[in-house]
Amino acid sequence: MIRPTHLRALVIAVALGLGTGVATGQPTELIIRNGTIIADEGTVRGDLRIRNGLIDEIGEIGERLAAGSGAREIDADGLLVLPGGIDPHVHLGGNWVDDYTSGSAAALAGGITTISNFVTLRGDQVAEAMAQATAQVETEAIADVILHPIIGDAALVTPQLEALARSGHTSLKVFMVRPSFDRDVPGFLNLLATAGDTGILTMLHCEDAAIVSTTAERFITEGRGALRFYPDARPVLAELVATQRAVAFSEATGAPVYLVHLSSEHALRVAEEAQARGLPVYVETRPIYLHLTRERFDGLDAGLFMGQPPLRTQQDQDALWDGIARGTIHTIGTDHVAYTREQKLDPTQTVQRHRAGMNNLQVMRPMLYSDGVRTGRITVEQFVALTATNPAKLFGLYPAKGTIAVGADADLVIWDPDETRTIRDEDALSNTGFSIHAGREVTGWPIVTIRRGEVVYENGRVTGRAGSGRLAPRRRWKPPILN
Ligand SMILES: [Zn+2]
């Protein structure tokens, strides 16, 4: 495991009481005792030592690690020690009510230590937009952050991909669902091919622009514009055909594609068939598709559940859980979008014009644990792979993040697998002040969250400081071996 050489100087500074830990009121050493550690090399019962923000030593039960002077010890008997979560897909800032600070707070309380925000590029101002977002991260974030630029104009951005990768941004996003995609398909294919050659992973929102826009238009004309018609106004067919194209684009260019928020069985089968042929097709799904179905649109509060794509059927949900268990779905991204309840319930919304997305950072991991691990659908190791290790590998963060190993960042969660809580609006740390899952009983919660060695959440409170999060260094994309 590689350690930066400047650490040697830092170790001396810490010994003199000048370390960063002292400055922030944190002990210079942290020992987690007697936990069940879901580590890179397998599950270990024992102690874990953290020094200078990194995992320093892992000792199996029986070889009790001696504490240095001033060390803080945390008893994790009966608890799990997991890698901090990595959410590959969030939307913070802009017109939404969560910024990097409130988004980080919700994430850390939910056991997520790295969040991945999208940055909209204006024209060819790539370096400027990334620098501006980085400055915001450095003043507002508590969690660590990676950034995905959203590409609207392929021709303008393609020549800048090498510079983007060199500055540590090794992913980008394209919305197939926007009419601008179909206006320049050759341009986007060049972008995809160049991204692949440059070591950049292309994330694709797979819904067909023409099917989505004309179907919604027809529903409005026919007087079926109300939100209860939304699942039919934005059909699975739109996702299916775009997923087929995404796979073909990957095959035509040899470039990897990452399909965001895949929602349906039909689309999953297309991705699985591509994977079976060895194509680099990676699949993310989103918590709402795992925990909710389209019947939610029958209620008066349908607006709360608006997302793109819509909620699907029970059969789709079962297929997604099955894909997670079989490893054909690789990651879970919250697609966290923060609107207030009033905004989400705005009665003027239609199948065509509405506020899509909901806040989910705080409860994503607990709900996946509760409905996935507790029910036996997935193992705790799969839970860790889906929510930490796989995103770390796909987005160039591994082995510094996404895993528990000596030399890795000490991004950790002490997790109580037996703690049962009911999700409540008043506990929401998102500025939205509510959760669409309020009232749901969930078993398995973070007790302590540690980001680069600093305790940033404990006793139900986020203790990390805004501005202590940072842009995480990333490698270029290369074919990963996923768990
Ligand atoms: Zn999104």
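This passage walks through a predicted model of a protein chain with a zinc ion.

Confidence comes first. The mean pLDDT of the protein chain is 94, and 95% of its residues reach 70 or more. The start of the chain is another matter: over residues 1-23, pLDDT stays under 50. The model has 21 contacts beyond four places in sequence for this stretch. Where pLDDT is low, the predicted coordinates should not be read in detail.

Next, the overall layout. The protein chain is split into two parts, domain 1 (6-82 + 411-418 + 441-462) and domain 2 (84-394). Domain 1 is thus pieced together from three stretches of sequence, whereas domain 2 is given as one run. Their C-alpha centres sit 32 Å apart. Even so, 23 residues of domain 1 are in contact with 23 residues of domain 2. Putting the two domains together buries about 1,800 Å², and carbon and sulfur atoms give 65% of that area. On the domain 1 side, the residues that lose the most area to domain 2 are Trp 415, Arg 451 and Val 462, which together make up 24% of what that side buries. Two salt bridges turn up across the interface of domain 1 and domain 2. As for salt bridges in the model, Asp 144 and Arg 452 meet through their side chains in one, at 2.7 Å from N to O.

Then there is the metal. The zinc ion takes its protein donors from His 89 (NE2), His 91 (NE2) and Asp 335 (OD), at 2.1 to 2.2 Å. Written along the sequence, the spacing of these donor residues is H-x1-H-x243-D. The pair of His 91 and Asp 335 links distant parts of the chain, 244 residues apart. His 91 belongs to the loop between strand 6 (85-90) and helix 3 (100-109), while Asp 335 belongs to the loop between strand 13 (331-332) and helix 15 (341-344). Are these two donors buried or exposed? His 91 counts as buried because its relative accessible area is 10%, under the 20% cut-off. Asp 335 is buried as well, with 7% relative accessibility.

Finally, helix 16 is worth a look. This helix covers residues 364-373 and is mostly covered itself, with nine of its ten residues buried. The buried set includes Met 364, Met 367, Leu 368 and Val 373, along with Arg 365 and Tyr 369. Pro 366, Ser 370 and Gly 372 are also on the buried list for helix 16.

Conventions. Residues are numbered from 1 along each chain as its sequence is written. This is a predicted model: local features need pLDDT of at least 70, side-chain atom pairs count only at pLDDT 80 or more; totals for chains, interfaces and linings use all residues. Side-chain values use heavy atoms; hydrogens and water are left out. Donors are N, O and S atoms within 2.8 Å of the metal (3.2 Å for Na, K and Ca); water is not among the atoms, so sites may look incomplete. Helices (H or I, at least four residues) and strands (E, at least two) are DSSP runs, numbered from the N terminus. Buried means under 20% relative accessible area, exposed over 50%, partly exposed in between (1.4 Å probe, protein chains only). pLDDT is the predictor's confidence in each residue, from 0 to 100. Contact means heavy atoms within 4.5 Å. Domain bounds come from an automatic or database domain assignment. Buried area is the accessible area (1.4 Å probe) that two parts lose on being put together, summed over both. A salt bridge is a side-chain nitrogen of Lys or Arg within 4 Å of a carboxyl oxygen of Asp or Glu.
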